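The following note is offered to a colleague who is meeting this structure for the first time. Its points are numbered for ease of reference.

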Amino acid sequence: MHCAAKKRVVKSEDAFTIKTWQSHGNIELEGPKSAGSLTTRPTKPTNFRKFYERGDFPIALEHDTKGNKIAWKVEIEKLDYHHYLPLFYDGLCETVHPYEFFARQGVHDMHEHGGSKILPVIPQLIIPIKNALNTRNRQVVCTTLKILQNLVCSADMIGEALVPYYRQILPMLNLFKNNNLNSGDGIDYSQQKRENIGDLIQETLEHFERQGGEDAFINIKYMVPTYESCMLN
């Protein structure tokens, strides 16, 4: 005799689950819940946006034959990096023009001209970096990964200075590490634009290992167990 099955939705503490009950054996089958670990998180307006809208940044948008760029109203080398660099990093969460453009390009320019002024600011950059990665927004994550690669190469000792903060930065990289786009036989345009998160994470971890000193690999391996050294071959 075919057993009747009933389904009902049960509200647990953190999510809805579907449970199935079979009449003859009172057997409970609980389906897997969707963790939503890669779902984009909503973000609040950033401090970067507030400062930009108040006109507190010495920047303007400039157009030339190559496209848009930042026109700095002061010499970048003379900026107070403790004040400005964390704010520009805070803007990495932005996805709307012009905030997204100014934040990304501003960070790049400050990396290029900062030299020894960047290292003392590293502790102030960790929370903005973590916040950007925690958005799970693929555009934001890709931008932040490229920024991290640029950061560790921007001045001496930056890579080593980041090692103590791997526990805050790397969990999200571990979550996305195998999140490569599968386009079948088609052309994966995301790879051409360097927007494949899995590939960018691998590149970023290799940059961390190369620039992070003798303790870098063991600390990366602890947080991202599937990572294999790029320097042992």
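1. Aromatic pairs. The structure, which is a predicted model, holds eleven aromatic pairs. One of them joins Phe 217 and Tyr 227 in a tilted arrangement, with the ring centres 6.1 Å apart and 45 degrees between the planes. Phe 217 belongs to helix α10 (residues 216-223) and Tyr 227 to the segment after α10; the pair therefore ties together parts that are ten residues apart in sequence.

2. Exposure of the two partners. Is Tyr 227 buried or exposed? At 0% relative accessibility, Tyr 227 counts as buried. Phe 217 has a relative accessible area of 24% and is partly exposed, because buried means under 20% and exposed over 50%.

3. Aromatic cluster. Six aromatic residues should be viewed as a group: Phe 48, Phe 51, Phe 57, Trp 72, Tyr 84 and Phe 88 form one cluster. Among the members of this cluster, Tyr 84 and Phe 88 are also buried residues of helix α2.

4. Helix α2. Spanning residues 81-90, helix α2 has eight of its ten residues buried, so the rest of the structure largely encloses it. The buried positions are Tyr 81, Tyr 84, Leu 85, Pro 86, Leu 87, Phe 88, Tyr 89 and Asp 90. Their packing partners are the helices α1 (47-53), α3, α4 (122-134) and α5, together with the strands β4 (59-64) and β5 (67-72).

5. Internal cavity. The count comes to one cavity of 30 Å³ or more. The volume of the largest cavity is about 40 Å³. Which elements give two or more residues to its lining? These are α3 (99-114) and α5 (138-152), and α5 gives the most, with three residues.

6. Cavity lining. The residues that line the largest cavity are Gly 91, Leu 92, Glu 94, Glu 100, Arg 104, Gln 139, Val 140 and Thr 143. By character, this lining divides into two nonpolar, three polar and three charged residues.

7. Confidence. The average pLDDT of the chain is 81, and 73% of the residues score at least 70. Over residues 5-34, however, the pLDDT is below 50, although this stretch has 43 contacts in the model beyond near neighbours in sequence. Residues 181-192 also stay under 50 in pLDDT, and the model has ten contacts for them beyond four places in sequence. The reader is asked to keep both stretches, 5-34 and 181-192, in mind when viewing the model.

Terms used. Residues numbered from 1 in each chain as written. Predicted model: local features only at pLDDT ≥ 70, side-chain atom pairs only at ≥ 80, totals over all residues. Heavy atoms only, no water. 1 Å grid on protein atoms, 1.4 Å probe; cavity = no way out; pocket = protein on both sides within 12 Å on 5 of 7 lines; lining within 4 Å. Points joined across faces, edges and corners; volume = space filled by probe spheres on them. Helix = DSSP H or I, 4+ residues; strand = E, 2+ residues; numbered from the N terminus. Nonpolar A, V, L, I, M, F, W, Y, C, P; charged D, E, K, R; others polar. pLDDT = per-residue confidence, 0-100. Contact = heavy atoms within 4.5 Å. Phe/Tyr/Trp six-rings, centres within 6.5 Å; stacked < 30°, edge-to-face > 60°. Buried < 20%, exposed > 50% of the residue type's maximum accessible area, 1.4 Å probe, protein only.
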